[in-house]
Amino acid sequence: MISEIASVLFPVVVCAVLGALWAHSRTHYDSDFISRLVLNIGAPCLMLSVLGQVEIDPQVFAQTALACVAVTCLMVIPGVVLPRLLGDDVRSYLPSFLFPNVGNMGLPVCLLAFGEQGLALALAFFMMLSVAHFPVGILLAGGREAGGIAGIARMPIMYAIALSVFLIATGLRLPESVEETILLIGGMTIPLMLITLGVSLYNLKVTGWGKAVVYSLVRILGGLAAGLLVTEMMNMDGVSRAVVLIQSSMPVAVFNYLFAVRYKREPDAVAGLVVTSTFMSFVSMPVLLYWLI
């Protein structure tokens, strides 16, 4: 069991450490370019390459996506209540509760733990948050600069989601040459996500450790509690239940920090949440995997 858990987490840790070592060497790493590359090209291709080939029940896929929505709605409660209790700005901290790192960390963990089916269901969770993360996250952080419906329509991942859902619902497949192409391009996504995570963690400057620990605990344990409640209410079991619990208990996503920097929403405090919750997850994730596996 320990060997199996290690085989899941070891590649994740190694890729993140490579990113941190790259940052430590002071060699330039264009995180903004890599993030755009992954979001606009890599992630859509990964989604199509996995969902276009894996055998998955459309109802289970839809149930996982719906569970993501339910978990996110539940996390509004601690995301609003806790900052108010501690005298902090809700708009600065709420995105950290709503948008965990289901991409950089969640996708590889689910893939390594449960194979292609786990990755496919993790992508269902990921795609639902992706639809909301950028418009909602930017609106919370910066007001009216998210671009509204037009901004969402410009996101390539939206079209990948629509095509993926169509392929799952109809059972159709893309032409072989197209499948091979998107498989090749999508293959870069997870390693780049993890390396970028390592670079970002190394470069973030943390302040207010005590408060960061409190927020991080609520993010991880609160997310797990929300996941348990939702999966119980929706009678989920097997891989779909495990994926929802893993994705729900992920640490704060790095993109929350990027939004905070851009719109001056307490970026140092949000950086503390990203770093602290990520290191906490390296402790909590083995325990969760031990329970699930």
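## Helix H10, Ser164 and an internal cavity

Helix H10 is mostly covered, with 11 of its 15 residues buried. The model is predicted, and the chain averages a pLDDT of 86, with 92% of the residues scoring at least 70. H10 spans residues 189-203 and reaches 21 Å from its first C-alpha to its last, close to the 21 Å expected at 1.5 Å a residue. Its buried residues are Thr189, Ile190, Leu192, Met193, Leu194, Thr196, Leu197, Gly198, Val199, Ser200 and Leu201.

Confidence varies along the chain, and the elements with the lowest and the highest mean pLDDT are set out here.

| Element | Residues | Mean pLDDT |
|---|---|---|
| Helix H7 (lowest) | 148-153 | 61 |
| Helix H12 (highest) | 238-248 | 97 |

Where pLDDT is low, the predicted coordinates should not be read in detail.

Ser164 lies in helix H8, which runs over residues 156-170. Because its relative accessible area is 1%, under the 20% cut-off, Ser164 counts as buried. Apart from neighbours within four places in sequence, Ser164 is in contact with Met47, Leu48 and Leu51.

Three cavities of 30 Å³ or more are found in a search of the whole structure, and the second largest has a volume of about 50 Å³. Its lining divides into eight nonpolar residues, three polar and one charged, and includes Cys68, Phe97, Phe125, Arg219 and Gln247. Helices H3 (58-74), H5 (90-98), H6 (102-142) and H12 each supply at least two residues of this lining, with the largest share, three residues, coming from H3.

Methods: Residues are numbered from 1 along each chain as its sequence is written. This is a predicted model: local features need pLDDT of at least 70, side-chain atom pairs count only at pLDDT 80 or more; totals for chains, interfaces and linings use all residues. Side-chain values use heavy atoms; hydrogens and water are left out. Helices (H or I, at least four residues) and strands (E, at least two) are DSSP runs, numbered from the N terminus. The expected span of a helix is 1.5 Å times one less than its number of residues. Buried means under 20% relative accessible area, exposed over 50%, partly exposed in between (1.4 Å probe, protein chains only). Contact means heavy atoms within 4.5 Å. pLDDT is the predictor's confidence in each residue, from 0 to 100. On a 1 Å grid over the protein atoms alone, a cavity is a set of points where a 1.4 Å probe fits but cannot get out, and a pocket is an open set with protein on both sides within 12 Å along at least five of seven lines; lining residues have an atom within 4 Å of a point. Grid points are joined across faces, edges and corners, and a volume is the space filled by probe spheres set on the points. Ala, Val, Leu, Ile, Met, Phe, Trp, Tyr, Cys and Pro count as nonpolar, Asp, Glu, Lys and Arg as charged, and the others, Gly among them, as polar.
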